[in-house]
Amino acid sequence: MDTGGDLLVIELGALVLALAVVARLARRIGLPALPLYLLAGLVLGEGSLFELDASEDFIEVGAEIGVILMLLMLGLEFSTHELINNVRRSTLAGVADLVLNFTPGFVAGLILGFDPVVAVLLGGVTYISSSGIVAKLVADLDRIGNHETSVVLSVLVIEDLAMVLYLPIVSGVLFGGSAVSTTVTVAISLAAVLGVLGVAYLLGDRLSAIALSQSSEALLLTLLGGTLLVAGIAGRLGVSTAVGAFVVGVALSGDIVSHARGLLLPLRNLFAAVFFVFFGLKVDLGLIPGVAVAALAIAAVTVATKIASGWIAAARAGIGRPGRLRAGAALIAHGEFSIVIAELGIARESDLGALAAAYVIVLTLVGAVLYQFADSITLPARKRRPARA
C-alpha cells in the first residue's frame, strides 16, 4: 500500500479544510482572506507541529498555478490596446516608482554592511510589488472597474518588464557570467516579451474565436492548457510566468471573456489560497527575530514610497485624491518576486533571505489592510489660494 500517497491526500484535505475555516473567519471580521492564508502558512511552516512534508512539492506547483491564474483573470479585464496605451502613459510614473522604491533597499543594504551587489538585490526586493497579491486584492474588493486600477496595473507591468532586464544582469554578476552571455539573455527576454505582446495585439481577436467552444469542458482545458504553456515558455525565456499569463488574458476578447471568468474563478480562488500558504511555508520563523527591526524600518519607508508612487501615477492620469490613495495602497504588497530576488543572494549573505521574508510578510499584511480601508482614511483638505482682487 502506498502510505506516502495516503499521507499526501490527508495533508491536502486537512489544508483545504483549514483554508475554508480561514476564509469564513476573514469574511466575518471584514478583512481580505489572503493575509490570513499567509499566517496559516507560517503556522504550518518549518519547525511547527504540523509540517506538511508529504505535500510540499504538490503545494509548490499549486502555488505557481495560483499566480498564473490570478494574473490571467486580471488580464481578462483589459484589452491589448488598453494595456499598451496605459503603459505608454505611465512610463514616467514607472521611472518615479523605480527611483522611489529601489533606493530604500539599496541604501539599507549598504547601512547593514552588505556588499554592493547584495545591496542591489535588496533594492530589487523593495522595488517590486507583487502582481499576484495585488490582483487578488483588487478582485476580492471588487475594484477592477475603478479608474485607478488600470494605472496600478500599468505600473505593475512596467515593474515586471524591468525584471526582464534586472534578473539576468544581477544573476550574471552573482554567478560570474560573461558580459556577452548576460547581454544575450537580456536580449532574448526582451524579444520574448515584445513578441508575445505583438501576437496579442495583431491576432488576439482571431485566437479568441478559435479558442471559443460551446463545450465548457473543452473551453476550460483550452484556456488552462494554453495559459500554462505560454507562461511556462515565458519563464524558460527569462520572463516572469506572471507576465506571460497576464498577456494571455489581455489577448482574449469578445464572448470568450465572460465564459472564461465563470469557468476559471473557482480554480483561481483555490490555487491563489495555496500560493499564499506556500509563501508562508517557506519562511523559517527562527531567523525572523534577528532581522525584525531592520525589516520593520525598511517596510515603514517603503509603505510611504509606494503610496507616493501610486499617488504620482494616478495624479498623472487625472484621478482624484481618494483614487490616488487607493492606487498607492494597492502597490504596497510585495511577494513572490521579492523572495526570488532574495534567494539569488542567500549564498552570499545569509541574512538576506530572512530579512526579505520578514519584510514581505509585514508589507503583505499592511498593504492588504490599508487597501481594504483606504476609502475610510480622511485626507486633509487642500488649501485653496485666496482669490485675487
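These legends accompany close-up views of a predicted model.

**Figure 1. Overview of the helical fold.** The protein has 16 helices and zero strands. Of its 389 residues, 49% are buried. Contacts between residues at least 6 apart in sequence were also sorted by separation, and 81% of them join residues at least 24 apart.

**Figure 2. Helix α2 packs against helix α12.** The view pairs residues 34-43 (α2) with residues 255-281 (α12). Their axes lie 6 Å apart, at an angle of about 40 degrees. The two helices are therefore oblique to each other. Their crossing is right-handed. On the α2 side, the contact residues are Leu 34, Tyr 37, Leu 38, Gly 41 and Leu 42. On the α12 side, they are Ala 273, Phe 276, Val 277, Phe 279, Gly 280 and Leu 281. Nine residues of this contact are nonpolar, two are polar and none is charged.

**Figure 3. Tyr 37 in the largest nonpolar core.** This core holds 54 residues. Tyr 37 and Met 70 touch the most other members. Helix α12 gives the largest share of the core, with eight residues. Beyond its neighbours within four places in sequence, Tyr 37 contacts Leu 19, Val 22 and Ala 23, as well as Ala 273, Phe 276 and Val 277. Those last three residues also belong to the α12 side of the contact with α2. A separate core of 36 residues includes Leu 38, Val 118, Phe 279 and Ile 361. In soluble globular proteins, nonpolar side chains tend to be buried together.

**Figure 4. Helix α3 crosses helix α7.** Helix α3 spans residues 56-75. Its axis comes within 9 Å of the α7 axis, and the two cross at roughly 55 degrees. That angle makes α3 oblique to α7. The crossing is left-handed. Met 70, Leu 71 and Leu 74 of α3 meet Ser 131, Gly 132, Ala 135 and Lys 136 of α7. By class, the contact has four nonpolar residues, two polar and one charged. Met 70 appears again here; with Tyr 37, Met 70 touches the most other members of the largest nonpolar core.

**Figure 5. Val 118 in helix α6.** The helix covers residues 116-127. Val 118 has a relative accessible area of 1%, so this residue is buried. Val 118 is one of the members of the 36-residue core. Setting aside neighbours within four places in sequence, Val 118 is in contact with Arg 348, Glu 349 and Leu 352. Leu 174 is 56 residues away in sequence, with a C-alpha to C-alpha distance of 8.9 Å from Val 118.

**Figure 6. Surroundings of Asn 101 in helix α5.** Asn 101 sits in the helix of residues 91-111. Its relative accessible area is 0%, so Asn 101 is buried. Leaving out neighbours within four places in sequence, Asn 101 contacts Gly 123, Thr 126 and Tyr 127, and also Thr 302, Thr 305, Lys 306 and Ser 309. Ala 304 belongs to helix α13, residues 288-316. The C-alpha atoms of Ala 304 and Asn 101 are separated by 9.4 Å, with their positions 203 residues apart along the chain. Ala 304 is partly exposed, at 46% relative accessible area.

**Figure 7. Gly 328 in helix α14.** This helix runs over residues 321-330. Gly 328 has 0% relative accessibility and therefore counts as buried. Residues up to four places away in sequence aside, Gly 328 touches Lys 306, Ile 307, Gly 310 and Trp 311. The C-alpha atoms of Gly 328 and Ser 309 are 6.2 Å apart, for a separation of 19 residues along the chain. Lys 306 and Ser 309 are also among the contacts of Asn 101.

**Figure 8. Asp 142 in the loop between α7 and α8.** The loop joins the helix of residues 131-140 to the helix of residues 147-174. Asp 142 has a phi near 55 degrees, a positive value in a residue other than glycine. Most residues other than glycine have a negative phi. Asp 142 is exposed, at 66% relative accessibility.

Technical notes: Residues numbered from 1 in each chain as written. Predicted model: local features only at pLDDT ≥ 70, side-chain atom pairs only at ≥ 80, totals over all residues. Heavy atoms only, no water. Axes fitted to C-alpha atoms, helices over the stretch in contact; angles between N-to-C directions. Helix = DSSP H or I, 4+ residues; strand = E, 2+ residues; numbered from the N terminus. Parallel < 35°, antiparallel > 145°, perpendicular 65-115°, else oblique. Left-handed = near helix turned anticlockwise from the far one by under 90°. Contact = heavy atoms within 4.5 Å. Nonpolar A, V, L, I, M, F, W, Y, C, P; charged D, E, K, R; others polar. Core = buried A, V, L, I, M, F, W, Y, C linked by side-chain atoms within 4.5 Å. Buried < 20%, exposed > 50% of the residue type's maximum accessible area, 1.4 Å probe, protein only.
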